[in-house]
There are 2 protein chains.
Amino acid sequence: MLRWLRGEEKEKEPEVFESVANGLKKLYKNRLRPLEDAYKFHDFHSPALDDADFDSKPMVLLVGQYSTGKTTFIRYLLEKDFPGMRIGPEPTTDCFIAIMHGDVDKATGTINEGVIPGNALVIDKSKPFRALSSFGNNFLSRLQCSQMKNEVLQSISIIDTPGILSGEKQRVNRGYDFSKVLTWMAERVDRIILLFDAHKLDISDEFHEALNAVKMYDSKIRVVLNKCDQVNTQQLMRVYGALMWSLGKVISTPEVVRVYIGSFWDQPLRYDENRILFEAERNDLFEDIQSLPRNAALRKLNDLIKRARLAKVNAYIVSYLHDNMPSMFGKEKAKNKLINDLDKIYVELSNKYNTSLGDFPKVEEMRKQLKMADFTKFRGLSESMIKKVDEMLSRDIADLMTLIQREEAKMTEKIRQDGPAVK
Amino acid sequence: MLRWLRGEEKEKEPEVFESVANGLKKLYKNRLRPLEDAYKFHDFHSPALDDADFDSKPMVLLVGQYSTGKTTFIRYLLEKDFPGMRIGPEPTTDCFIAIMHGDVDKATGTINEGVIPGNALVIDKSKPFRALSSFGNNFLSRLQCSQMKNEVLQSISIIDTPGILSGEKQRVNRGYDFSKVLTWMAERVDRIILLFDAHKLDISDEFHEALNAVKMYDSKIRVVLNKCDQVNTQQLMRVYGALMWSLGKVISTPEVVRVYIGSFWDQPLRYDENRILFEAERNDLFEDIQSLPRNAALRKLNDLIKRARLAKVNAYIVSYLHDNMPSMFGKEKAKNKLINDLDKIYVELSNKYNTSLGDFPKVEEMRKQLKMADFTKFRGLSESMIKKVDEMLSRDIADLMTLIQREEAKMTEKIRQDGPAVK
Ligand SMILES: Nc1ncnc2c1ncn2[C@@H]1O[C@H](COP(=O)(O)OP(=O)(O)OP(=O)(O)O)[C@@H](O)[C@H]1O
Ligand SMILES: Nc1ncnc2c1ncn2[C@@H]1O[C@H](COP(=O)(O)OP(=O)(O)OP(=O)(O)O)[C@@H](O)[C@H]1O
Ligand SMILES: [Mg+2]
Ligand SMILES: [Mg+2]
């Protein structure tokens with residue numbers, strides 16, 4: 001995929017999105033986090049954000065029957081072997097492998113390369129896999145991270161998965177809940193690529209199960225029909241039709257999932273009657289993958305805006321409760337009355353601060369949280385803290401937004417100049 | 001389609017199947033019908049067969065949105081305009097049109113050509129449309145038969161239908177139940193071809209309704225994605241994929257319905273990058289349509305065998321009832337007792353004549369029929385009548401079967417020599 005990343009504009013792209021991530025990180029620390037801390041946001045709503053939450057790259061998850069070419073596909077994207085890579089006709093990949101750009105070794109200044117085993121991976125704070133430890137040891141011995149230096153991995157991370165087995169073979173127990181792990185991954189990644197083999201289309205029961213495990217994230221799903229050059233055009237149409245037929249039955253949305261047709265490796269085509277189609281499809285897929293950092297940056301920015309609005313509302317609520325507590329006696333009774341009146345307080349605050357009721361946390365949830373809270377630790381509203389967040393929303397975030405949009409305009413301009421991928 | 005019909009073997013084909021139909025007709029009249037008459041088969045089971053039941057050709061029904069090219073498709077099959085044909089970009093066909101080979105005019109010896117309006121068509125005993133009169137006058141004024149001399153129509157008949165409208169237009173009431181008419185047709189035809197326009201794929205609500213009206217006959221359904229040369233390959237893949245996706249949701253069978261991809265008219269292709277595919281698909285579709293007479297002959301033969309077995313069993317039952325009626329008094333009481341014991345009589349007869357109980361008519365149905373019957377009109381078993389039917393089953397039908405199979409072997413041989421349609 002390297003040659004798609006290259007080119008004048010594209011080379012700068014990861015930096016831009018990196019600077020957006022860094023910008024957001026700084027804004028969070030200096031402007032939002034103080035407001036969150038002051039009004040117990042982390043107790044009532046959501047834990048504080050780590051650097052890893054801003055730094056983590058968009059992730060692409062590969063899912064498919066064994067031998068559909070998942071590992072080969074990744075090798076084709078990277079144009080390079082990755083540590084621990086195994087490719088072969090029999091079921092080969094037996095681990096979940098997160099393929100990521102190596103960290104810089106602080107001591108030597110070089111990029112770390114090599115394999116981190118699962119147990120070490122889930123205690124690494126700089127990696128987004130800590131929650132996976134709950135899947136237990138059987139799973140952790142089937143999890144690893146491959147670190148390497150690679151241009152593609154500067155913008156995205158990739159997760160290779162063990163091939164899904166069909167028929168007899170699938171009865172061999174994996175020792176961990178494969179579908180649950182898939183669902184966990186599917187929720188966190190930015191793109192799910194389902195691979196099918198045009199030469200041997202086979203949607204087994206276990207594959208159905210895997211599909212069910214990810215289908216609720218259907219907007220993230222893209223499908224690759226691989227090895228399409230191994231069959232002639234008429235056979236290809238039958239296989240592709242059968243695939244769409246089956247997918248339509250499993251995925252309930254009326255929107256048709258995008259299927260990319262081609263052969264994703266560096267070998268010459270067997271039947272090359274559809275070369276032009278395959279090339280156009282590959283361009284489309286690579287453009288989709290390249291758009292992930294842009295989309296991920298936008299999503300992070302969007303998430304931070306949402307969080308900031310909630311943090312403000314939270315400050316209004318908590319300071320109101322503080323202001324309306326008696327200074328001497330009857331604290332417990334007053335607390336209960338305030339919690340009871342919370343819905344009315346919402347309306348009052350919504351009017352006073354001209355804030356939509358939709359921005360307020362769910363009343364019942366908030367009541368539950370407040371019951372456990374110590375109201376004497378609450379404080380009055382700090383106008384200056386609110387002002388800092390307002391400035392962030394109206395000025396700093398807008399600047400970052402402009403940065404992303406300018407980048408996007410450049411990309412579009414470039415596509416316009418080069419002409420569209422298909423004519 | 002004419003050039004597909006031609007060639008040494010193929011030229012004889014309609015004759016062979018015609019002679020099978022004639023053979024069956026003669027066998028029915030001389031051997032089976034006397035047994036049916038003697039034991040009241042037509043009262044108890046099913047009306048006597050007409051010549052039309054043996055002569056009617058396999059029928060192909062065209063269904064689709066307006067302007068998908070249904071009428072053009074028929075013109076392309078026939079290589080000739082048909083009487084009353086109208087083709088155009090706006091909704092054009094506003095009638096159900098049965099396109100059939102003209103009868104021979106007894107007086108002049110020439111082939112009848114021209115249009116028979118609906119009201120006249122449904123009283124014509126030689127045509128299989130008499131039951132359509134129940135759909136009422138609004139419908140009959142939208143029904144016609146186009147007769148003409150044409151080689152293709154010697155083996156099949158074709159039914160063109162009004163295009164299905166979408167959106168605003170579909171609210172205009174047709175004045176008759178379109179879906180019900182479609183279901184009636186779908187039940188009787190041998191092949192249902194659903195046409196879609198690759199250039200303007202649009203599965204409206206009313207089309208959904210039409211699909212629902214025919215989908216229970218899913219084994220008869222073939223789909224044509226027409227006008228495929230009007231879009232480039234990548235667009236074609238998207239449209240075709242979307243079609244399969246939607247069809248998979250509507251048709252519940254796991255077996256994928258066969259979709260033929262191409263452009264079915266006599267104009268040059270616009271994008272011709274898929275010429276070879278389109279030609280292979282057309283060959284496949286025409287072979288499928290050509291196989292209809294063979295299949296229809298087999299089906300008729302099969303139906304006659306089933307009918308003969310039932311007629312024999314019916315004769316056993318009726319003659320048993322005759323033999324066990326008292327000659328003088330207590331007729332009514334004896335009749336009731338016999339009807340009551342019918343299940344036991346079945347077992348006795350099944351043993352005596354070494355006939356599977358599965359060949360017997362449903363007990364409850366038969367009881368109902370017998371209650372209304374006059375047992376004094378029954379007669380004893382005629383061994384010679386049974387013998388005639390047995391000979392028909394073991395000798396004559398087998399001969400006709402051989403005829404069909406020999407024909408089939410010739411066809412297969414021819415395909416083998418020419419090589420398969422696709423390589
Ligand atoms: N585009 C392609 N065309 C033809 N063959 C391919 C293609 N991609 C991969 N293969 C072959 O298919 C086989 C399986 O490839 P690979 O190991 O990448 O699949 P996988 O999906 O990772 O399998 P597993 O689930 O077992 O890990 C290998 O023999 C490989 O050479
Ligand atoms: N294979 C084809 N490629 C491109 N255009 C076509 C093709 N077949 C038909 N057309 C054009 O599409 C239009 C509609 O054709 P036609 O009248 O045969 O459709 P129809 O399905 O019978 O429509 P209706 O339901 O209104 O009767 C006409 O303008 C015709 O020339
Ligand atoms: Mg693999
Ligand atoms: Mg028409």
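Which residues of β6(A) lie on one side and which on the other, and are they buried or exposed?

This is a predicted model, in which local features need pLDDT of at least 70 and side-chain atom pairs count only at pLDDT 80 or more, while totals for chains, interfaces and linings use all residues. Residues are numbered from 1 along each chain as its sequence is written, chains are lettered from A and ligands numbered from 1 in the order in which they are written, and side-chain values use heavy atoms, with hydrogens and water left out.

**Exercise 1. Assign the two faces of β6(A) and state their burial.**

Step 1. Helices (H or I, at least four residues) and strands (E, at least two) are DSSP runs, numbered from the N terminus. Strand β6 of chain A covers residues 191–197.

Step 2. In a regular strand the side chains alternate between the two faces of the sheet. One side of β6(A) carries A:Arg191, A:Ile193, A:Leu195 and A:Asp197, and the other carries A:Ile192, A:Leu194 and A:Phe196.

Step 3. Buried means under 20% relative accessible area, exposed over 50%, and partly exposed in between (1.4 Å probe, protein chains only). Since 7 of the 7 residues of β6(A) are buried, the strand is largely enclosed by the rest of the structure.

**Exercise 2. Find the strands that pair with β6(A) and trace the chain to β7(A).**

Step 1. Two strands pair if DSSP finds at least two bridges between them. Strand β1 (residues 59–64) of chain A runs parallel to β6(A), with 5 bridges joining them; here A:Val63 stands opposite A:Leu194.

Step 2. Strand β7 (residues 221–226) of chain A is also parallel to β6(A), over 6 bridges. A:Phe196 stands opposite A:Leu225 in β7(A).

Step 3. From β6(A) the chain passes through helix α9 (residues 205–214) to β7(A), in a right-handed β-α-β crossover. Right-handed here means that, with the strands pointing away from the viewer, the path from the first strand over the helix to the second runs clockwise.

**Exercise 3. Describe the protein donors of the magnesium ion (ligand 3).**

Step 1. Donors are N, O and S atoms within 2.8 Å of the metal (3.2 Å for Na, K and Ca); water is not among the atoms, so sites may look incomplete. For ligand 3 the protein donors are OG1 of A:Thr71 and OG1 of A:Thr93, lying 2.0 Å from the ion.

Step 2. A:Thr71 belongs to helix α5 (residues 70–78) and A:Thr93 to the loop between α5 and β2 (96–101), so the pair ties together parts of chain A that are 22 residues apart in sequence.

Step 3. Both A:Thr71 and A:Thr93 are buried.

**Exercise 4. Name the protein donors of the magnesium ion (ligand 4).**

Step 1. B:Thr71 and B:Thr93 donate through OG1, lying 2.0 Å from the ion.

Step 2. B:Thr71 is in helix α5 of chain B and B:Thr93 in the loop between α5 and β2, 22 residues apart. Both B:Thr71 and B:Thr93 are buried.

**Exercise 5. Place β5(B) among its partners.**

Step 1. In strand β5 (residues 157–160) of chain B, B:Ser157 and B:Ile159 point one way and B:Ile158 and B:Asp160 the other way; all are buried.

Step 2. Strand β1 (residues 59–64) of chain B pairs with β5(B) in the parallel sense over 3 bridges, and B:Val60 stands opposite B:Ile158.

Step 3. β2(B) runs antiparallel to β5(B), joined by 3 bridges, and B:Ile97 stands opposite B:Asp160.
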